[in-house]
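Please read this report on charged side chains beside the sequence and the structure. It takes up individual pairs, then a network, and then a patch at the surface.

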Number of protein chains: 2
Amino acid sequence: MSIEDKDSERHRAKMAKRKAVQDKEVAEKTIEKGLLIVNTGPGKGKTTAAFGLALRMLGYGKKVGVVQFIKGAWHTGEKDAFATFGERIVWHTMGEGFTWETQDLARDIAAAERAWSKALELMADPSISLVVLDELNIALRYDYLDLGKVVDALKARRGDLHVVVTGRNAKPALVEAADLVTEMTAVKHHFAAGVKAQQGIEF
Amino acid sequence: MSIEDKDSERHRAKMAKRKAVQDKEVAEKTIEKGLLIVNTGPGKGKTTAAFGLALRMLGYGKKVGVVQFIKGAWHTGEKDAFATFGERIVWHTMGEGFTWETQDLARDIAAAERAWSKALELMADPSISLVVLDELNIALRYDYLDLGKVVDALKARRGDLHVVVTGRNAKPALVEAADLVTEMTAVKHHFAAGVKAQQGIEF
């Protein structure tokens with residue numbers, strides 16, 4: 001055997017072993033269930049990943065619901081893109097902007113409560129496979145909504161419904177109830193280098 | 001003034017101050033540029049967030065290019081969904097699956113090199129606003145491609161082109177060259193609880 005053949009054989013053997021481990025791990029996982037997914041942390045990608053999941057569901061012909069709790073005027077890019085999928089996406093923008101934009105606590109609470117009713121409505125719709133509750137964590141953090149009530153409703157979702165909750169500072173009770181929690185950490189951010197929010201990237 | 005009015009007034013004042021800080025920060029950022037974005041880390045959402053960005057760009061009528069370096073058979077959900085946008089998305093699935101699937105080093109290297117040529121082609125196309133190089137980090141980690149060559153080409157991209165690179169274990173030289181680096185960390189994962197990969201969630 002040449003050195004190259006030996007290298008190649010060693011690689012094949014190593015990868016065959018790795019594949020066996022991988023296959024065993026896959027075989028051990030048998031549960032199918034609607035997941036409660038939380039995307040949190042200070043980094044970018046929380047909402048974007050949620051919308052990426054929505055897109056994937058739409059790709060499979062499924063129906064998706066979205067409630068935006070906070071960012072009223074943002075994310076017009078996705079909204080226009082999702083319009084392509086017609087009735088298979090139900091979109092409610094309930095937030096009136098960040099709380100430092102409205103400067104009105106009572107109005108913020110009322111907006112969060114209206115958004116939460118929409119969320120319950122979408123979660124109760126059996127034709128919907130995935131509900132995105134965008135920036136719900138912000139509404140919970142500022143106590144615009146009752147945490148216990150929200151977590152109980154999310155836990156009581158039907159068995160095959162996937163729900164994604166986004167926003168910084170996810171509450172421990174929500175993390176506890178969730179199946180999948182990802183923290184997005186900012187290793188490096190272009191805002192620090194003076195780059196502004198740009199179309200298609202930030203909104 | 002009633003207690004409620006005082007609370008409300010205090011909230012308004014606090015939020016007005018916060019808005020002033022926010023506005024000042026926004027005003028200080030004036031640079032517009034095509035970003036080199038890296039989504040890395042062991043958590044979920046690296047590829048999904050990249051496709052979410054792609055969707056946002058499509059929503060603004062822009063054109064997007066995608067090269068998948070590794071996962072040949074995966075992500076059919078997004079692929080079908082993106083088909084809705086017709087010629088505004090150019091998609092190349094160049095990977096032949098994970099390296100432990102192919103078990104053939106020479107084939108993996110050849111596939112990565114073909115994928116990289118496609119990447120260069122898309123980056124050179126002035127009609128494209130965003131190029132997603134999905135799982136390029138994996139190809140770099142296994143030395144299927146020359147790191148210096150790849151980083152130099154990414155740095156030399158035209159001024160208004162955004163590029164997103166995904167995959168675990170981003171190389172330090174790539175992180176150094178990037179404008180925005182996000183690490184996705186798994187706080188909690190449903191695979192650990194025996195839940196299997198499900199349509200619309202993992203693929």
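B:Lys196 is partly exposed, with a relative accessible area of 29%, in a model that is predicted. Its side chain takes part in a salt bridge with A:Glu32, in which the closest N and O atoms lie 3.6 Å apart. Because B:Lys196 sits in the segment after β6 (180-188) of chain B, while A:Glu32 belongs to the loop between α1 and β1 (36-40) of chain A, this pair joins two chains. A:Glu32 itself counts as exposed, at 57% relative accessibility.

Another salt bridge is found within chain A, where A:Lys24 pairs with A:Glu28 and the closest N and O atoms are 2.9 Å apart. The two residues stand 4 residues apart in helix α1 (residues 3-28) of chain A, so that about one helical turn separates A:Lys24 from A:Glu28. As for their surroundings, A:Lys24 is exposed at 54% relative accessibility, whereas A:Glu28, with a relative accessible area of 48%, is partly exposed; the two fall into separate classes because exposed means over 50%.

In chain B, the side chains of B:Arg158 and B:Asp160 also meet in a salt bridge, with 2.8 Å from N to O. Here B:Arg158 is partly exposed, at 25% relative accessibility, and B:Asp160 counts as exposed, at 52%. Beyond such pairs, salt bridges that share partners link A:Lys33, A:Arg157 and A:Asp179 into one network.

The three pairs described above are set side by side here.

| Salt bridge | N to O distance |
|---|---|
| A:Lys24 and A:Glu28 | 2.9 Å |
| B:Lys196 and A:Glu32 | 3.6 Å |
| B:Arg158 and B:Asp160 | 2.8 Å |

These pairs are examples from a longer list, since a search of the whole structure finds 20 salt bridges over all chains.

How many salt bridges are found over all chains is thus settled, but which residues form a positive surface patch? The patch is made up of A:Lys14, A:Arg18, B:Arg141 and B:Arg168. One of these residues, B:Arg141, lies in helix α6 (residues 136-141) of chain B and is partly exposed, with a relative accessible area of 40%. That value is in keeping with its place in the patch, because patches are made of residues with over 30% relative accessible area and no salt bridge.

How values were computed. Residues numbered from 1 in each chain as written. Chains lettered and ligands numbered in written order. Predicted model: local features only at pLDDT ≥ 70, side-chain atom pairs only at ≥ 80, totals over all residues. Heavy atoms only, no water. Salt bridge = Lys/Arg side-chain N within 4 Å of Asp/Glu carboxyl O. Buried < 20%, exposed > 50% of the residue type's maximum accessible area, 1.4 Å probe, protein only. Patch = residues over 30% accessible without salt bridge, like charges linked within 9 Å, V, L, I, M, F, W, Y side chains within 5 Å. Areas by Shrake-Rupley, 256 points an atom, 1.4 Å probe, with all protein chains shown as cover. Lys, Arg positive; Asp, Glu negative; His and termini not counted. Charge placed at Lys NZ, Arg CZ, Asp CG, Glu CD.
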